Amino acid sequence: MKLHHRSLIAALLLVLPLAACSSVVQQPEVRLEGIRVGGIGLRGGTLYAMVHITNPNGFDIATESLTYDLQVPDPDEAGGWLSFSQGTITERISVDENSSTVVEVPVPFRYEDMGGALRAIMDTGTFNYRVSGDVRLAEPFGRTIPYTKSGVVSLDGIR
């Protein structure tokens, strides 16, 4: 009986600090600040998505991965969207305690995948976009945080 009582106390001593920590952990904020044109070539180019990660906690966090799915309007379906660039960034990103950082995620594209977006940029110099994805945290607790944004990209930048 005494052994069982000691085991219960030892288990409580391990669980209580973890429960206290989990009530204090605040969800990091992930938002897409915008997209900028990085470069244009003969067959395609690169856009850069600026992902802003804020860590409101009193400890550092790091990512395992960041995914993205960049979409443009479907010219053949009103209100529809076409995915023309998807990817995963596995480079570790660290955010210090009570701080934030902006990560530029390169998003390569080919003109042939842009469909209506290419027509729009040639006619008006702009195109609509929608991007979504997830940031997977590695430390201190693994969790996934989604982000999404839509807007207009022009040769002059984001609007």
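In what order do the three strands of the open sheet lie? In this predicted model, the order is S1-S2-S6, and the pairing is antiparallel. Strand S1 (29-40) and strand S6 (99-110) are the edge strands, each pairing on one side only. Neighbouring strands of the sheet are turned against each other by 20 degrees on average, with direction ignored.

A look at the whole chain helps to place this sheet. The protein has three helices and nine strands, and along the sequence these follow the pattern α-β-β-β-β-β-β-α-α-β-β-β. Of its 159 residues, 35% count as buried. Among contacts between residues at least 6 apart in sequence, 63% join residues at least 24 apart.

Within the sheet, S1 and S2 form a hairpin with three residues between them. These two strands run antiparallel and are joined by ten bridges; Val30, for instance, stands opposite Ile53 in S2. On the other side, twelve bridges join strand S2 (residues 44-55) to S6, again in an antiparallel arrangement. Two of the partnerships with S6 can be followed by eye: Thr46 has Pro108 as its bridge partner, while Asn55 is matched with Ser99. In general, strands of a sheet pair through backbone hydrogen bonds. Strand S2 is also mostly covered, with nine of its twelve residues buried.

The loop between strand S5 (94-95) and S6 holds a residue worth pausing at, Asn98. Most residues other than glycine have a negative phi. The phi of Asn98, however, is near 50 degrees, a positive value in a residue other than glycine. Asn98 is exposed, its relative accessible area being 52%.

Charged side chains provide further links, and the structure holds two salt bridges. In one of them, Arg36 pairs with Glu104, and the closest N and O atoms are 3.1 Å apart. Because Arg36 lies in strand S1 and Glu104 in strand S6, this pair ties together parts that are 68 residues apart in sequence. Both partners are partly exposed: Arg36 has a relative accessibility of 31%, and Glu104 one of 41%.

The other salt bridge brings together the side chains of Glu64 and Arg136, at 3.9 Å from N to O. Here too distant parts of the chain are linked, with Glu64 in strand S3 and Arg136 in strand S7 (residues 126-139), 72 residues apart. Glu64 counts as partly exposed at 42% relative accessibility, and Arg136 is likewise partly exposed, at 29%.

Strand S3 (residues 61-73) also contains Asp69, an acidic residue in another setting. What is the nearest side chain of opposite charge to the buried Asp69? It is that of Arg130, 7.1 Å away, and Asp69 has no salt bridge. Since a salt bridge needs the nitrogen and the carboxyl oxygen within 4 Å, the separation of 7.1 Å does not qualify. Asp69 nevertheless has polar partners: its side chain makes a polar contact of 3.2 Å with that of Gln71, and another of 3.5 Å with the side chain of Gln86. Leaving aside residues up to four places away in sequence, Asp69 touches Ser83, Ser85, Gln86, Arg130, Val131 and Ser132. Gln86 thus appears both among the residues touched by Asp69 and as a partner in a polar contact.

Terms used. Residues are numbered from 1 along each chain as its sequence is written. This is a predicted model: local features need pLDDT of at least 70, side-chain atom pairs count only at pLDDT 80 or more; totals for chains, interfaces and linings use all residues. Side-chain values use heavy atoms; hydrogens and water are left out. Two strands pair if DSSP finds at least two bridges between them. Helices (H or I, at least four residues) and strands (E, at least two) are DSSP runs, numbered from the N terminus. Axes are lines fitted to C-alpha atoms, for helices over the stretch in contact, and angles run from 0 to 180 degrees between N-to-C directions. Buried means under 20% relative accessible area, exposed over 50%, partly exposed in between (1.4 Å probe, protein chains only). Lys and Arg count as positive and Asp and Glu as negative; His and the chain ends are not counted. A polar contact is a pair of N or O atoms within 3.5 Å; within protein, one must be able to donate a hydrogen and the other to accept it, and residues adjacent in sequence count only if both atoms are side-chain atoms. Contact means heavy atoms within 4.5 Å.
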